[in-house]
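Reader: I've got a structure open and I'd like to learn how to read it. Could you walk me through it?

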Amino acid sequence: MATSFNEQFDQHGTWRRELALRLKLLAEWLKDHELLDAAVEERLRRLEARVRVDKVMVAFVGEFSRGKSELINAIFFAGYGRRIMPASAGRTTMCPTEMSYDAEVPPCLRLLPIESRLQPQALMEWRMAPEKWTRIDLNVHDPKQLSEALEKVAETRHVTQTEANALGFWQTETPEDNPTVNAQGLVEIPRWRHALINIAHPLLKQGLVILDTPGLNAIGAEPELTVSLIPQAHAVVFILGADTGVTKSDLAIWREHLVNETSEKSSRLVVLNKIDTLWDALSSPAQVQAQIERQQASTAEILGVPLQQVIPISAQKGLVAKVTNDAALLKQSCLSLLEDALSQGIMGQRQKMLGAAIFSGIADLQAETGRVIHIRRRDLTEQLLELEGLQGKNSAVIKNMRSRISLEQAEFDLGGAKIHAVRSVHLKLLREVFSLMGPTALKKEMTQLTRLLQQKGIKMGVRRAYGDTFEHLRKNLQQVQTISAEIQVMLAATFRQLNGEHGFSLLTPTEPSLVDYLHDLDLVERSHLQYLSLGNTIRLAQPEFADRLVRALSTRVRTIHEAALADIELWSKAAAAQLDVQLRERRRNFSRRLEAIDRIQQASGGLGERIDEIEVQKSNLNQLNAKLSELTDHLITVTDPSQSVVAAADSFPDIELV
């Protein structure tokens, strides 16, 4: 039997905690043995942070009344013995709802009023202003209170058509998409724009983030959902009704918001929910199954996905089966098939991605730290040969040896000016990089687009302005890649010269590639194109919506820039730290050689005694190198992307650092 999603996620969490602990202990061990330079420390800090805060987002998307909230209850919250998310008949989740865990925040539900749409701030900015949200404390040990509190996400209010239009819920030009008007001429809209639920659910504590979305009208009116949140989800569960199949509005959501030429269809699971509506006492089980299979095949063909990615289930029966421990009903609900698909797909993929990042980082760290040990061993060998050459020599020879070492030290110190000059050029080029991709530059790039979108009425030329903006952003990234190539050439030449003149073993770090970030820009651009179509002309004519759109765009692009700059900064720091380490080791070597000569001259320690000390130090270095290999080899083994979650989680032996 395949491991369920909950079990697989729990194993993934155990694997991450063990890995984070080992990275922390490795950093402490390296520091204790003076092997933790600035670059290695930064690399370990980033790896440990990534492992500890790694989030896995699963987005549940579909039209109203498809059973999204009920499915969330069935998969994640059946252990409470009741429904936690509101899942009654009709529209339930009226606003996008995120469930996650933050230890710094007490258990609570935070709700952003829908009126915030009238202001220009993007959702990301509102997150930074908790005082603007309505907060309700949650008692995670009281399922009844928890369930009643979460019913708030289904609250609505009635407004005039004018207000509904201003808030993005009413389009005069497309009346078929508008909500129903009641007898008083008012329109029902969500009371809240966004909801954040912070609870210490075991899966949420381990990094799971659940995104529950409302229907098409609400999705299209909130740019950050389709531009930022949904595209960044690691898996999207698209929910349809088994009794209706793919409706017109379902297809609109799929085509406009979930799938384009750049999206990963493999991360999209399609759920045909409510198969229990097809269970008919007048039909045989074989006839019912044949009907389900026809809907499954038809859905796969219409959406253009493999048949195995369309999973027929009954979320309601699955929840009931889990609460009542009814194994037969659980099997009939087919809920386990979806859980298997989530566990094998999303968790396996996340493990591989995270493992690949740690695998690469530890391999680089192993090489950098091993090089320091090699330098120390080489210096000890040179000292040993030098001292062995003094055996049987008189004081004049020893005095000449000291003079020669002092002269070598003076010549080495003179080379410091050359190194300083290289560093100045290096920093100048880095400043150019940061000026091209910093917040000031991004704001400048977005100015023209912002100005155009803020104009009243129909926006002419908006698609061209979008294209020009992204072309400039791509050119900036390409220019940054060119500058980093210049830095790479300069460092390579300098390192070769220093290696030749001073016997260093400097290796130029691999230049970071910005190809992935260019690809990310392409994805962002294409995710925005849906808003530039003729169908969205009316929405774009509203200044408030256009402003939210460009702010969402700025937030997403800023994230890409910050990630690219972080890679460049780490690469630069690795080169500088490597040079600092070898300069420090060489100066320390000079000091030790002079100290040994002075001790011999002053008869404070015999020559043979000093030779014995060096032999002991060499032996200690060999042990140090063996321990480094043991620690890093093991980390590389448990982060091998080819391993399964189960195998990796079970592969940690007891920790022993000496």
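Author: Happy to. Let's begin with what counts as a helix: a DSSP run of H or I at least four residues long, with the helices numbered from the N terminus. Asp250, for instance, is in helix α10, which covers residues 248-258. Keep in mind that this is a predicted model.

Reader: How many helices and strands does the protein have?

Author: There are 23 helices and 11 strands.

Reader: Back to Asp250, then. Is it buried or exposed?

Author: The general idea is a cut-off: a residue is buried when its relative accessible area is under 20%, and exposed when it is over 50%. Asp250 has 0% relative accessibility, so it counts as buried. Leaving out residues up to four places away in sequence, Asp250 touches Glu63, Arg66, Phe238, Leu240 and Gly245.

Reader: What share of the residues in the protein is buried?

Author: Buried residues are 50% of the 658. As for the surface, the protein exposes about 29800 Å², and 52% of that comes from carbon and sulfur atoms.

Reader: Which helix holds Ser147, and what does Ser147 touch?

Author: Ser147 is in helix α5, residues 143-150. With a relative accessible area of 6%, Ser147 falls under the 20% limit, so it is buried. Apart from residues up to four places away in sequence, Ser147 touches Arg82, Arg83 and Ile84.

Reader: How do I read contacts between residues far apart along the chain?

Author: Look at how far apart the partners sit in sequence. Among contacts in the protein with a separation of 6 or more, 82% are between residues 24 or more positions apart. Leu365 gives you a case to look at: its C-alpha atom is 9.5 Å from that of Glu41, though the two are 324 residues apart along the chain.

Reader: Where is Leu365, and what is it in contact with?

Author: Leu365 belongs to helix α14. It is buried, with a relative accessible area of 0%. Not counting residues up to four places away in sequence, Leu365 touches Leu26, Leu30, Val40, Arg43, Leu44 and Thr632.

Reader: Got another one like that?

Author: Try Leu635, in helix α22 (residues 607-638). Its relative accessible area is 3%, so Leu635 is buried under the 20% rule. The C-alpha atoms of Leu635 and Ile358 are 8.2 Å apart, with their positions 277 residues apart along the chain. Once neighbours within four places in sequence are set aside, Leu635 is in contact with Leu19, Arg22, Leu23, Leu26 and Ile362. Leu26 is also on the contact list of Leu365.

Reader: And what does Leu491 contact?

Author: Leu491 lies in helix α18, residues 462-502, and counts as buried at 4% relative accessibility. Beyond its neighbours within four places in sequence, Leu491 is in contact with His426, Thr508 and Ala575. Leu491 and Ala575 are 84 residues apart along the chain, yet their C-alpha atoms are separated by 8.0 Å.

Reader: Now backbone angles. What should I expect for phi?

Author: Most residues other than glycine have a negative phi. Here Asn325 goes the other way, with a positive phi of about 55 degrees although it is not a glycine. Asn325 lies in the loop between α12 (315-324) and α13 (327-333), and it is exposed, with a relative accessible area of 68%. Cys334 has a positive phi too, about 65 degrees, and is found in the loop between α13 and α14.

Reader: Speaking of cysteines, how many disulfides are there?

Author: The test is a pair of cysteine sulfur atoms within 2.5 Å. By that rule the count is zero. Two cysteines to look at are Cys95, buried with a relative accessible area of 1%, and Cys108, buried with 0%.

Reader: Last thing: how many cavities are there, and what lines the largest?

Author: Think of a cavity as space where a 1.4 Å probe fits but cannot get out. Searching the whole structure turns up four cavities of 30 Å³ or more. The largest holds about 90 Å³ of space. It is lined by 13 residues, and the closest to its centre are Asp37, Glu368, Arg371, Val372 and Gln578. The lining divides into seven nonpolar, three polar and three charged residues. To find it on your screen, look for α2 (38-53), α14 (335-388) and α21 (543-601), each of which supplies at least two of the lining residues.

Definitions and conventions:
Residues are numbered from 1 along each chain as its sequence is written. This is a predicted model: local features need pLDDT of at least 70, side-chain atom pairs count only at pLDDT 80 or more; totals for chains, interfaces and linings use all residues. Side-chain values use heavy atoms; hydrogens and water are left out. Buried means under 20% relative accessible area, exposed over 50%, partly exposed in between (1.4 Å probe, protein chains only). Contact means heavy atoms within 4.5 Å. Accessible areas come from the Shrake-Rupley method with a 1.4 Å probe; for residues, only the protein chains shown count as cover. On a 1 Å grid over the protein atoms alone, a cavity is a set of points where a 1.4 Å probe fits but cannot get out, and a pocket is an open set with protein on both sides within 12 Å along at least five of seven lines; lining residues have an atom within 4 Å of a point. Grid points are joined across faces, edges and corners, and a volume is the space filled by probe spheres set on the points. Ala, Val, Leu, Ile, Met, Phe, Trp, Tyr, Cys and Pro count as nonpolar, Asp, Glu, Lys and Arg as charged, and the others, Gly among them, as polar.
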